[in-house]
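Okay, thanks for coming, everyone. Let me put the structure up, and then I'll walk you through its charged pairs and its cysteines.

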Amino acid sequence: MNSINNIVILTGAGISAESGIDTFRTAGGLWEKYDPAEVASAEAFARNPDKLLAFYDMRRGTVGEKEPNPAHHALGRLDAEWQGGLLIVTQNVDNLHEKGGASRVLHMHGQHRTAWCPACDARPEWSGTFADRPPCPACGSPSLRPDVVLFGEMPYHLDQIYPALRAADLFVSIGTSGAVYPAAGFVRDARDLGVQTLELNLERSDGSHWFDETRLGPASELVPAWVEELLGG
């Protein structure tokens, strides 16, 4: 650990599961209850925007009530105490990393706390609903939609994520399925660059075989232990 200066951390739904937020692809997850092709794709939004907007209104209301768990707080501690480079890249649209004290965070799939207006590209803070087609605060257009990346759309911040991977000494994946690209490919990108790789997950993911080391268990136990090891070492 002494040779580590720059760290990139990727987090997925598994880190927020212990805060009561449904995962997507595990047994009993969100995509067993809803068809993502109908409520989470660009094609679905073009075909039936009302259905998609109603789904995200429901989803955002649920997510907004949750609180960070020990894994989020541990990464908040790491953010505060780590003197080297650190970037937390999350696939989650909740704000539990921020609630847990982290600030060096990029939401590659967007976030529930903001809206996006395709008409003027404004991204205002937003706590209201979308289904009733409210006007954009910036331009007045009734075009507001959730500021989340739908299937078929390009993730955010790739122009910052890939340079951070190239500069990293350690890549850590926490609570991810290893099934959603391009995030699932980050570990191979890191390995190709000679970056150390570590997976912290409840169970082995689709990409576990790409990691130098995999530790299995609840995020609320694994992440604080790893952060203590890193900072203490």
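Before anything else, a quick word on what I mean by a helix: it's a DSSP run of H or I covering at least four residues, and helices are numbered from the N terminus. And please keep in mind that this is a predicted model.

Let's start with the salt bridges. In general, side chains of opposite charge can pair when their charged atoms come close. How many salt bridges does the count come to here? It comes to 12. I'll show you some of them.

Take arginine 77 and glutamate 81. Their side chains meet in a salt bridge, at 3.2 Å from N to O. Where do these two sit? Both are in helix H6, which covers residues 70-81, and because they're four residues apart there, about one helical turn separates them. As for the surroundings, arginine 77 is partly exposed, with 31% relative accessibility, and glutamate 81 is partly exposed too, with a relative accessible area of 41%. This pair also has company: Arg77, Glu81 and Glu228 are linked in a network of salt bridges.

Next up, glutamate 98 and arginine 113. They form a salt bridge with their closest N and O atoms 3.8 Å apart. Which parts does this pair tie together? Glutamate 98 belongs to helix H7, residues 96-99, while arginine 113 belongs to strand S4, residues 110-116, so the salt bridge ties together parts that are 15 residues apart in sequence. Glutamate 98 is partly exposed at 25% relative accessible area, and arginine 113 is partly exposed at 32%.

One more pair: glutamate 213 and arginine 215 form a salt bridge, and here the closest N and O atoms are 2.8 Å apart. Glutamate 213 is partly exposed, with a relative accessible area of 38%.

Okay, over to the cysteines. How many disulfides does the count come to? Zero. Look at cysteine 120, for instance: it's in no disulfide, and the nearest cysteine sulfur, the one on cysteine 139, is 3.7 Å away. Turn it around and cysteine 139 is in no disulfide either, with the sulfur of cysteine 120 as its nearest cysteine sulfur, 3.7 Å away. Why doesn't that pair count? A disulfide needs the two sulfur atoms within 2.5 Å, and these are 3.7 Å apart. Are they buried or exposed? Somewhere in between: cysteine 120 is partly exposed at 34% relative accessibility, and cysteine 139 is partly exposed at 40%.

That's my tour, so over to you for questions.

Notes: Residues are numbered from 1 along each chain as its sequence is written. This is a predicted model: local features need pLDDT of at least 70, side-chain atom pairs count only at pLDDT 80 or more; totals for chains, interfaces and linings use all residues. Side-chain values use heavy atoms; hydrogens and water are left out. Buried means under 20% relative accessible area, exposed over 50%, partly exposed in between (1.4 Å probe, protein chains only). A salt bridge is a side-chain nitrogen of Lys or Arg within 4 Å of a carboxyl oxygen of Asp or Glu. Helices (H or I, at least four residues) and strands (E, at least two) are DSSP runs, numbered from the N terminus.
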